[in-house]
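Subject: A structure for you to look at

Hi,

Here is the structure I promised to pass on. Have it open while you read, and click on the residues as they come up.

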Amino acid sequence: MRLYHNPRCSKSRQALALLNERDIDFEVYLYLKLGISEDDIDLLSSLDGIIRKNDLEKDSNIDFSDNEEVSKLLKTQPKLLQRPILVLGDKAVIGRPPENILTLLHDA
């Protein structure tokens, strides 16, 4: 289990706390330092709402239904990744609100 985490994000810190409170074994993945994991890029690119649209440049013309285009964007600009995200196997969930990550815990 991998948590895509940004320590400066309050929602991400809340998700981290939820997992720690439940004594869940997981990897904290600092995507701003490491980039998006090649193991996860296809899965993440397929999630609705994976891009932080408010952080996009105003003149961006991105087709969010094109997973390949989203994948390229995430690879080149990982700061645009919505956060936090919990990945477990071939499933992932965006933690907005942070409690959403708990939906994957029954699979753990």
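Below is what I found in it, going from the sheet to the cores, then the charged pairs and a few backbone oddities. One thing to keep in mind throughout: this is a predicted model.

**The sheet**

Start with the strands. There are four of them in an open sheet, in the order 2-1-3-4, and the pairing is mixed. Strand 2 and strand 4 are the edge strands, each pairing on one side only. If you look at how neighbouring strands sit against each other, they are turned by 20° on average, ignoring direction.

"Mixed" is easy to see if you take two pairs in turn. Strand 1 and strand 2 run parallel and are joined by three bridges. Within that pair, Leu3 has Val28 of strand 2 as its bridge partner. Strand 3 (residues 85-88) and strand 4 (residues 91-94), on the other hand, pair in the antiparallel sense, over four bridges. Here Val87 stands opposite Ala92 in strand 4. As a bit of background, strands of a sheet pair through backbone hydrogen bonds, and they can do so either parallel or antiparallel.

Strands 3 and 4 also make a hairpin, with two residues between them. Look for Gly89 in that turn: its phi is positive, about 60°.

Now bring a helix into view. Helix 1 lies across strand 1, strand 2 and strand 3, and it runs at about 160° to strand 1.

**The nonpolar cores**

Which residues have the most contacts inside the largest nonpolar core? They are Tyr4, Leu44, Ile50, Leu74, Leu81 and Ile85, in a core of 20 residues. Helix 3, helix 4, strand 3 and strand 4 each supply at least two residues of this core.

Ile85 is a good one to click on. Leaving out residues up to four places away in sequence, Ile85 touches Arg2, Leu3, Tyr4, Leu44, Ile50, Ala92, Val93 and Ile94. Apart from that core lies another one, of twelve residues, including Ala15, Leu18, Leu19 and Leu105.

**The charged pairs**

Side chains of opposite charge can pair when their charged atoms come close. How many salt bridges does the structure hold? There are six, and I'll walk you through some of them.

My pick to begin with is Asp40 and Arg2, whose closest N and O atoms are 2.4 Å apart. Asp40 sits in the loop between helix 2 (31-34) and helix 3 (41-45), while Arg2 belongs to strand 1 (residues 2-4), so this salt bridge ties together parts that are 38 residues apart in sequence. Are these two buried or exposed? Asp40 has a relative accessibility of 3%, so it counts as buried. Arg2, at 17%, is buried as well; the cut-off for buried is under 20%.

Next, try Lys72 and Glu68, which meet in a salt bridge at 3.7 Å, N to O. Both lie in helix 4 (residues 67-76), four residues apart, or about one turn of the helix. Both of these residues are exposed. Going back to Arg2 and Asp40, there is a little more to see: salt bridges that share partners join Arg2, Glu27 and Asp40 into one network.

Then there is Arg22 with Glu21, where the closest N and O atoms are 3.9 Å apart. Arg22 is partly exposed at 40% relative accessibility, whereas Glu21, at 60%, is exposed.

**Backbone oddities**

Finally, some spots to check along the chain. Two peptide bonds leading into prolines are worth a click:

- From Arg83 to Pro84, the bond is cis, with omega near -10°. Pro84 is in the loop between helix 4 and strand 3.
- From Arg96 to Pro97, the bond is cis, with omega near 5°. Pro97 is in the segment after strand 4.

And where does Asp23 lie? You'll find Asp23 in the loop between helix 1 (10-21) and strand 2 (27-29). Its phi is near 55°, a positive value in a residue other than glycine. Asp23 is also exposed, with a relative accessible area of 71%.

That's the tour. Write back if you get stuck on any of it.

Cheers

Key
Residues are numbered from 1 along each chain as its sequence is written. This is a predicted model: local features need pLDDT of at least 70, side-chain atom pairs count only at pLDDT 80 or more; totals for chains, interfaces and linings use all residues. Side-chain values use heavy atoms; hydrogens and water are left out. A salt bridge is a side-chain nitrogen of Lys or Arg within 4 Å of a carboxyl oxygen of Asp or Glu. Buried means under 20% relative accessible area, exposed over 50%, partly exposed in between (1.4 Å probe, protein chains only). Two strands pair if DSSP finds at least two bridges between them. A nonpolar core is a set of buried Ala, Val, Leu, Ile, Met, Phe, Trp, Tyr and Cys residues joined through side-chain atoms within 4.5 Å. Contact means heavy atoms within 4.5 Å. Axes are lines fitted to C-alpha atoms, for helices over the stretch in contact, and angles run from 0 to 180 degrees between N-to-C directions.
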